[in-house]
Amino acid sequence: MDQYAWLEEVESATALDWARERNAASTARLTGPRFDELEAGVLAILDTDQRIPYPVRRGEYLWNFWRDADHPYGLWRRTTLESFRTDSPEWDVVIDVDALREAEGENWVWGGAAVLRAESPDGARYDRALVSLSRGGADATVVREFSISRREFVDDGFSLPEAKSRISWIDKDTVYVGTDFGPGSLTDSGYPRLVKRWRRDTPLGHADLVYEGHHSDVSIGAGYDDTPGYERHFVSRAIDFYNSEIYLLAPDTLALERIDVPTDSDADVHESRLLVRPKSAWELPTGTVPPGALVAFDFDAYRAGSRDYSTVFTPDAHTALAGYSWTKSYLLLSTMRDVRSELHTLEPGTWETRETRGFPELAEIGVYYTDPREGDEIFATASGFTLPPTLLHGTAGGSVEPLKSAPAFYDATGVTAEQFFATSDDGTQIPYFVVRKPADGPQPTLLYGYGGFEVSLTPDYTAVSGTSWIERGGVYVLANIRGGGEYGPDWHTAALKENRLRAYEDFATVARDLVARGITTREQLGAQGGSNGGLLMGVMYTRYPELFGAIVCQVPLLDMRRYHQLLAGASWMAEYGDPDDPAQWAYISEYSPYQNLPAADADLPALLVTTSTRDDRVHPGHARKFVAALRERGIEVDYYENIEGGHGGAADNKQAAFKSALAYEFLWRELAPSTTVDPT
């Protein structure tokens, strides 16, 4: 019997009173003069007009969503490329979310917009949008059709009540929709189980059923590819987090044709080509495709039975595919070599490399935006741990040039970024980056990690940690542990399910290596992670407490006995395993923090746990119950729960700055107590 199950009642008065009491205690302890400095510094970064307004092109306009001090909930706005090039672009504000919140009396948070490329009922191109708005920053959103030319929501237009919906345009009068259609219409993970074709002026209940998945599936969706000459309709079925099926849909009969690729592969149909990236070895009559490779087929020939392919990319022990993007004439391939990015421009068919000039050396390069239906235009980014980001613009296969650059948000004079490797328990070399100012002797050090879902942590400009930590003399460390995607699918699968402990062994290995190299000491070493990284922090606290002086555990999974029954948790069983299966629970129970609570007299690091009431992805009950159980054992920890903010933990810049300052103030107090500012 779980004596703290009542804390899973997300918005019950009793649970919220408990959270507010903990909030008050932690806020009283951690706020003060330095906290105010940290909060102001982060807020200045988040609110400044000098940030790059990253754009998306729709026709003649570049679109951007923007938050600043005067518009904490944001502006959806547009400008021309010519104006964007200037120091002060003339922005045309289409939706002011702050004004909308006030007018409608709702705590709206922007959730994105799907804009119709084709002509709207008014005859305008790029005029109609399906705007998603969430209450308090949750994943669940309200969807409403919006007319850009009229600057108003469309009366009797497409609209959906609050749900974790999937909706996309087919044409001006038709959409594909997956939503909460009533009892039984959602998967066990809380996502759409049914997808329908919904015509304008037709009740949602009368929409045509396109596909019905199983309750155990993660989600079902459908979409329309409007590439001229290659118009196609697709249905996708996510069986679990890493296995899916894709179908070609006949729009007239709604007949389905499965595209017969491995369920654990990433597949993409672009014009006449089918690209496939398998996550395990794929045996074909024409050869074996290794995990993490990218191969290309003629799509129609593949449908007819041919398995002739050309190889686009083959991984090796040091290099993995990070992603790819199409332009009209080229395939842009992003790779990582020992977690350092490279960008290649390939000629489709021959897959020979073509030079795109203008990319700066010694920078991490990434593709930000392309649209193959509009041409070879490319927006790319260049940055590094100490190099502020630059937005580049130009033509793939031609040249790019800087379009916008962010200022240096902290003094990086003398700051270096080095890569080291630590040897994990099974002999695997684990890379990690150390960013620091030169100093004599061990320094307060913050070790950050994630290690799951094939998510890669790559060198990026450290604006917030730079001003809050590095500039003040702290060492920042990024660990590339297994479970991520830094070396391709094998790096991820090495820490799946029964092998989960490898990710935790890797992180602990990096912690020990930092001490062994003299970079820090146990008392000066802190760790931080959120979501799956929050689980990582929970395991560090309960399994490796002797390695750390302080831990920041954010929006975490912690009760792995019940995670699959809470909100979206069922969708992650392909990552962690099924706790209801005794064989799988046997290995999950080895590390589940809530089931492995430490003794009251253990030598524990200081702990700060943060979460969000409105997080409808990772249930706040994980954090609440863990802290309550520790307190019952007489173990005092700091806790803060943002009453809104979703899985990101904050609904606006001010909340984000507060949350960040709380974490850094906690770390400074615990890891460098001699530098603590007296709050009185």
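**Exercise 1.** In this predicted model, classify R85 by its relative accessibility: buried, partly exposed or exposed? Then find its salt-bridge partner and state which parts of the chain the pair ties together.

*Solution.*
Step 1. The relative accessibility of R85 is 39%. Buried requires under 20% and exposed over 50%, so R85 counts as partly exposed.
Step 2. The side chain of R85 meets that of E401 in a salt bridge, with an N to O distance of 3.5 Å.
Step 3. E401, at 43% relative accessibility, also counts as partly exposed.
Step 4. R85 is placed in the loop between α3 (81-84) and β4 (92-96), and E401 in strand β31 (residues 400-405), so the salt bridge ties together parts that are 316 residues apart in sequence.

**Exercise 2.** Describe the salt bridges of R22 and E352, and give the accessibility class of R22.

*Solution.*
Step 1. R22 pairs with E21, and the closest N and O atoms are 3.3 Å apart. R22 has a relative accessible area of 9%, so this residue is buried.
Step 2. E352 pairs with R354 at 3.4 Å between the closest N and O atoms. Both members of this pair are partly exposed: E352 has a relative accessible area of 42%, and R354 stands at 31%.
Step 3. Some salt bridges share partners: R117, R125, D226, D371, R373 and E374 are joined in this way into one network.
Step 4. The total count of salt bridges is 56.

**Exercise 3.** Characterise the interface between domain 1 and domain 2 by its buried area, its contact residues and its salt bridges.

*Solution.*
Step 1. Locate the domains. Domain 1 comprises 21-43 + 419-606 + 616-671, domain 2 comprises 264-315, and domain 3 comprises 319-408.
Step 2. Count the residues in contact: domain 1 supplies 4 and domain 2 supplies 5. The C-alpha centres of these two domains lie 37 Å apart.
Step 3. Take the area. About 310 Å² is buried between domain 1 and domain 2, and carbon and sulfur atoms give 52% of this. On the domain 1 side, the residues that lose the most area to domain 2 are E454, P489 and D490, together 91% of what that side buries.
Step 4. Turn to the polar terms. The interface holds 2 salt bridges. R277 forms a salt bridge with E454, where the closest N and O atoms are 3.0 Å apart. The number of residue pairs in polar contact between the two domains is 1.
Step 5. Sort the residues on the side of domain 1 that touches domain 2: 1 is nonpolar, 1 is polar and 2 are charged.

**Exercise 4.** Which backbone angle is positive in Y126 and in K497, and where does each residue lie?

*Solution.*
Step 1. Recall the background: most residues other than glycine have a negative phi.
Step 2. Y126 is not a glycine, yet its phi is positive, at about 55°. Y126 lies in the loop between β5 (108-115) and β6 (128-135) and is buried, with a relative accessible area of 11%.
Step 3. K497 also has a positive phi, near 45°. Its position is the loop between α7 (489-493) and α8 (501-516). With a relative accessible area of 28%, K497 is partly exposed.

**Exercise 5.** Is T48 buried or exposed, and what does it contact beyond its sequence neighbours?

*Solution.*
Step 1. T48 sits in the loop between α2 (33-47) and β1 (56-58).
Step 2. Its relative accessibility is 15%, so T48 counts as buried.
Step 3. With neighbours within four places in sequence set aside, T48 is in contact with W66 and F409.

Methods. Residues numbered from 1 in each chain as written. Predicted model: local features only at pLDDT ≥ 70, side-chain atom pairs only at ≥ 80, totals over all residues. Heavy atoms only, no water. Domains from an automatic or database assignment. Contact = heavy atoms within 4.5 Å. Buried area = accessible area lost by both parts, 1.4 Å probe. Salt bridge = Lys/Arg side-chain N within 4 Å of Asp/Glu carboxyl O. Polar contact = N/O pair within 3.5 Å; in protein donor to acceptor, adjacent residues only side chain to side chain. Nonpolar A, V, L, I, M, F, W, Y, C, P; charged D, E, K, R; others polar. Helix = DSSP H or I, 4+ residues; strand = E, 2+ residues; numbered from the N terminus. Buried < 20%, exposed > 50% of the residue type's maximum accessible area, 1.4 Å probe, protein only.
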